[in-house]
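Let's take a walk through this structure together, starting with its overall layout and ending at its ligand. Keep the 3D view open as you read.

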Amino acid sequence: MAAGRRVIGAEHVEEARARGRIVVEILPGDIVTALASETAQRLGIRLVDGPIERPAVARTDGGTSLRRVLYRRSPKWVAPKPATPRNARRLTKLALIGAGGVGGTIGHLAANADLVDEIALIDITPGLAEAVALDLNHASGISRTRARAVGGTDAALVSGADVVVVTAGRPRTPGMSRADLIDVNRRVVQAAAEAIRTQAPGAIVIVVTNPLDEMTVEMLRATGFPRERVLGMAGTLDSSRFRNALAAAAGVGPADVEAMTLGSHGDEMAPIVSLSRIRGRPLDVFLSPARIDACVKDAVTGGGQVVALRKSGSATLAPAHAAIELIDHIRGARTGPVPVSVMLDGEYGIAGVVLGVPCHLGRAGLVSVEELKLTDAELAALRAAAEAIRSRLGL
Ligand SMILES: NC(=O)c1ccc[n+]([C@@H]2O[C@H](COP(=O)([O-])OP(=O)(O)OC[C@H]3O[C@@H](n4cnc5c(N)ncnc54)[C@H](O)[C@@H]3O)[C@@H](O)[C@H]2O)c1
Ligand SMILES: O=C(O)C[C@H](O)C(=O)O
């Protein structure tokens with residue numbers, strides 16, 4: 001046996017109990033015997049895989065790995081499959097204002113999923129939207145999908161869209177916060193809003209441009225559309241990052257993790273730990289408090305990590321998937337609560353500001369905001385996020 005390696009047996013658990021402790025920490029390399037696990041279970045003591053990197057080692061001396069014990073003792077876990085309702089609607093026209101990194105990728109995913117008849121790309125940079133549209137159409141000979149793409153600089157291309165996604169505007173560069181983009185992107189969002197208001201007055205708008213919550217407020221103001229038809233995309237992206245971090249930390253697949261982030265798409269992001277689950281069980285069954293905190297931090301800083309690596313420009317692939325997730329909820333291909341930035345009207349005790357909250361979406365946009373039972377600290381984080389957005393907008 002390697003020096004320093006301990007075999008955690010039932011006696012360690014009994015001893016912890018005698019000392020009034022409720023956890024036994026497992027260190028890297030420790031072996032947890034099946035008897036220790038059973039005793040812990042019986043006495044209600046948790047075996048915490050504290051600073052461990054790959055929890056517990058495989059059996060070498062008749063012991064068993066902590067992870068295998070936990071799984072065996074868990075109720076049989078089957079990752080829920082996303083529902084694929086038969087009546088998912090195919091969109092008629094998806095307009096993408098901004099055909100850069102995120103807009104172009106949304107076009108690619110939408111064309112490949114064949115969820116729409118026509119994709120119109122509009123970009124202020126001459127030739128860019130036409131080029132992306134041509135490129136997408138060139139791929140259809142392989143994908144054999146029916147979606148046809150058109151592109152140009154003319155705002156009239158938005159006409160007749162049932163969903164418009166706005167990604168037009170500047171991304172941040174290293175050293176900037178998303179909030180630093182308010183002034184430059186406000187004008188871009190106002191121009192997009194004018195095109196949508198006049199050309200596609202019945203459309204549902206998904207705002208992606210940063211700073212997301214503030215730009216969604218601008219879109220609401222400038223279009224005059226009801227809150228049901230102006231949705232901000234960020235929560236689906238941040239939640240995906242949080243699930244990815246948790247899955248990696250626990251050594252499980254992303255489908256084993258359910259987790260959501262609410263609040264702002266910025267420093268006041270609020271990953272909801274109390275309701276997150278790994279294989280249907282609370283996070284602290286699998287992860288120490290320090291590791292959960294690290295996953296929260298990873299979600300909050302995920303966008304910045306990509307910006308720092310890319311040096312010019314920000315993430316495009318995950319954000320595009322996250323926008324498609326919202327489109328799928330709108331067209332009925334996915335159901336259930338999904339985090340979206342919407343104008344609040346008293347939900348969670350907040351009104352008059354846009355914030356990421358769990359929503360049910362449908363073909364008319366926002367159907368309802370779901371009010372989850374959050375901890376006092378999580379509720380306070382949502383309210384702090386609302387105040388921060390208000391102050392950035394001078395509301
Ligand atoms: N909400 C989120 O989760 C999220 C995720 C990723 C990116 N973003 C934001 O989305 C925006 C776009 O990111 P990107 O990576 O696609 O940037 P990008 O620079 O690749 O593309 C932006 C495009 O907008 C175009 N544009 C600028 N002004 C325009 C106007 N008035 N009309 C039409 N087009 C115009 C530009 O020509 C450019 O092609 C940024 O603000 C970024 O911060 C948000
Ligand atoms: O981080 C950014 O600036 C882009 C985007 O908001 C993201 O989260 O990837």
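Taken over C-alpha atoms, the centres of domain 1 and domain 2 are 54 Å apart. This is a predicted model, and the domain assignment of the protein divides it into domain 1 (1-51), domain 2 (91-231) and domain 3 (235-393).

Now turn to ligand 1. Where does ligand 1 lie with respect to domain 2 and domain 3? Domain 2 (91-231) and domain 3 (235-393) both give residues to the shell around ligand 1, so the ligand lies between them. If you look at the pockets of the protein, you will find ligand 1 in the second largest pocket.

The shell is worth a slower look. There are 25 residues around ligand 1, and Gly 101, Asp 123, Thr 125, Arg 170 and Met 233 come nearest. Sorted by class, the shell holds 13 nonpolar, 10 polar and two charged residues. Two helices to pick out here are α4 (101-113) and α6 (182-199), each of which supplies at least two residues of that shell.

Next, zoom in on the backbone. Gly 101 has a backbone N or O atom 2.8 Å from an oxygen atom of ligand 1. For Val 102, too, a backbone N or O atom lies 2.8 Å from an oxygen atom of the ligand. At Ile 124 the partner is a nitrogen atom of ligand 1, with a backbone N or O atom of the residue 3.3 Å away. As for how much of the ligand is covered, on its own ligand 1 has 860 Å² of accessible area, and the protein covers 85% of that.

Definitions and conventions: Residues are numbered from 1 along each chain as its sequence is written. Chains are lettered from A and ligands numbered from 1 in the order in which they are written. This is a predicted model: local features need pLDDT of at least 70, side-chain atom pairs count only at pLDDT 80 or more; totals for chains, interfaces and linings use all residues. Side-chain values use heavy atoms; hydrogens and water are left out. A residue is near a molecule or strand if one of its heavy atoms lies within 4 Å of it. A polar contact is a pair of N or O atoms within 3.5 Å; within protein, one must be able to donate a hydrogen and the other to accept it, and residues adjacent in sequence count only if both atoms are side-chain atoms. Accessible areas come from the Shrake-Rupley method with a 1.4 Å probe; for residues, only the protein chains shown count as cover. On a 1 Å grid over the protein atoms alone, a cavity is a set of points where a 1.4 Å probe fits but cannot get out, and a pocket is an open set with protein on both sides within 12 Å along at least five of seven lines; lining residues have an atom within 4 Å of a point. A molecule sits in a cavity or pocket if more than half of its atoms lie within 2 Å of its grid points. Helices (H or I, at least four residues) and strands (E, at least two) are DSSP runs, numbered from the N terminus. Ala, Val, Leu, Ile, Met, Phe, Trp, Tyr, Cys and Pro count as nonpolar, Asp, Glu, Lys and Arg as charged, and the others, Gly among them, as polar. Domain bounds come from an automatic or database domain assignment.
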